[in-house]
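Q: Please take a close look at the metal site in this structure. Start with the burial of the residues there, then work outward to the surroundings.

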Amino acid sequence: MVMVSERVAASFTSSKQEGRLVCYDLVRDRGMAVVPSDPSVIVSTTNYVFPLHTDSCCLEKPADVVVLYCVTNASEGGESLLANVNDIIPLLPEDYVDFLLNRRYDINMRPFVLLEKVEGTYHIRLQLGDMLAFCRPDEKEQMQEELKMLIDVLADPANFITVKLKPDECLIVNNRTCLHGRYSFEDGSKREFLRSRSYLIPDIN
Ligand SMILES: [Fe+2]
């Protein structure tokens with residue numbers, strides 16, 4: 001993971017480990033007693049199911065690549081979920097896809113493009129929790145209604161694959177075309193992943 005982050009694409013995610021700056025951060029169950037419906041909860045720090053999403057979707061420029069390296073996985077559950085949006089689009093009505101391509105939400109006071117077609121390939125940015133947290137308050141309810149069909153298709157296990165990483169294995173995810181998530185896992189788990197996020201082409205501006 002460090003090699004990918006340092007040689008292929010510089011990670012913009014970093015943290016301090018033992019006083020040293022490293023190109024990844026830790027994703028693990030903090031054992032917090034939290035309420036799943038509490039919108040302020042950062043799901044990745046809990047052991048709840050984390051539905052399919054893309055990372056950093058509310059940034060002006062989301063990461064191109066997300067790397068997840070397994071230090072320790074859960075004993076029960078904790079499988080990673082993966083779906084390519086280009087496999088999902090044919091499952092949706094054409095007029096709904098056109099709607100998603102043209103709909104603009106106002107998130108972080110910028111126009112937010114959820115679905116794009118780039119040289120014949122669909123790109124998506126989607127993390128409903130973040131989108132609801134940063135959208136205009138008067139758009140929240142409508143956004144949830146409009147995205148329900150997409151969210152329901154993404155929640156159907158027939159439409160994604162699962163993989164349970166073993167220690168020292170990693171996933172390298174195209175964060176523009178591929179959504180990722182994870183199943184819930186046991187309370188008090190030692191599950192620990194390292195995560196980096198990168199731009200393939202550094203922003204030269
Ligand atoms: Fe993620």
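A: Asp 55 is buried, because its relative accessible area of 5% falls under the 20% limit. This is a predicted model, and the values here are computed from it. His 180 is likewise buried, with a relative accessible area of 6%. Both residues coordinate the iron ion, Asp 55 through OD and His 180 through NE2, together with NE2 of His 53. The coordination distances run from 2.1 to 2.2 Å. Along the chain, the donors follow the spacing H-x1-D-x124-H. Asp 55 sits in the loop between strand S4 (50-53) and strand S5 (65-72), while His 180 belongs to strand S13 (residues 178-182), so the pair ties together parts that are 125 residues apart in sequence.

The loop that carries Asp 55 also holds Ser 56, since it too lies between S4 and S5. Ser 56 has a positive phi of about 50° although it is not a glycine. This residue is buried as well, at a relative accessible area of 16%.

After that loop comes S5, which pairs with S12 in the antiparallel sense over 5 bridges. Within this pairing, Val 67 stands opposite Ile 172 of S12. Strand S12 (residues 170-174) has two faces: Leu 171 and Val 173 are on the covered one, and Cys 170, Ile 172 and Asn 174 are on the uncovered one.

Next, the internal space. The search of the whole structure turns up 1 cavity of 30 Å³ or more. The largest cavity holds about 50 Å³ of space. Its lining consists of Pro 62, Val 113, Leu 114, Leu 115, Glu 116, His 123, Ile 124, Arg 125 and Arg 176. By type, the lining residues divide into 5 nonpolar, 1 polar and 3 charged. Strand S9 (115-118) and strand S10 (121-124) each supply at least two residues of this lining.

Glu 116, one of the lining residues, is placed in strand S9. Its relative accessible area is 34%, so it counts as partly exposed. Between Glu 116 and Thr 177 there are 10.0 Å in space, C-alpha to C-alpha, and the two are 61 residues apart in sequence. In the loop between S9 and S10 lies Glu 119, a residue other than glycine whose phi is positive, near 50°. Glu 119 counts as exposed, at 82% relative accessibility.

Leu 114 and Leu 115 line the cavity and also belong to the largest nonpolar core, where they are among the residues that touch the most other members. That core has 30 residues, and the others with the most contacts are Leu 92, Leu 126, Met 131 and Leu 150. Two or more residues each come from strand S6 (80-84), helix H2 (85-88), helix H3 (94-102), strand S7 (104-107), S10, helix H4 (128-134) and helix H5 (140-155). H5 gives the largest share, 5 residues.

S7, one of these contributors, pairs with strand S8 (residues 110-113) in the antiparallel sense over 4 bridges. Tyr 105 stands opposite Phe 112 of S8. The two strands form a hairpin with 2 residues between them, and Asn 108 in the turn has a positive phi of about 55°.

Key
Residues are numbered from 1 along each chain as its sequence is written. This is a predicted model: local features need pLDDT of at least 70, side-chain atom pairs count only at pLDDT 80 or more; totals for chains, interfaces and linings use all residues. Side-chain values use heavy atoms; hydrogens and water are left out. On a 1 Å grid over the protein atoms alone, a cavity is a set of points where a 1.4 Å probe fits but cannot get out, and a pocket is an open set with protein on both sides within 12 Å along at least five of seven lines; lining residues have an atom within 4 Å of a point. Grid points are joined across faces, edges and corners, and a volume is the space filled by probe spheres set on the points. Ala, Val, Leu, Ile, Met, Phe, Trp, Tyr, Cys and Pro count as nonpolar, Asp, Glu, Lys and Arg as charged, and the others, Gly among them, as polar. Donors are N, O and S atoms within 2.8 Å of the metal (3.2 Å for Na, K and Ca); water is not among the atoms, so sites may look incomplete. Buried means under 20% relative accessible area, exposed over 50%, partly exposed in between (1.4 Å probe, protein chains only). Two strands pair if DSSP finds at least two bridges between them. A nonpolar core is a set of buried Ala, Val, Leu, Ile, Met, Phe, Trp, Tyr and Cys residues joined through side-chain atoms within 4.5 Å.
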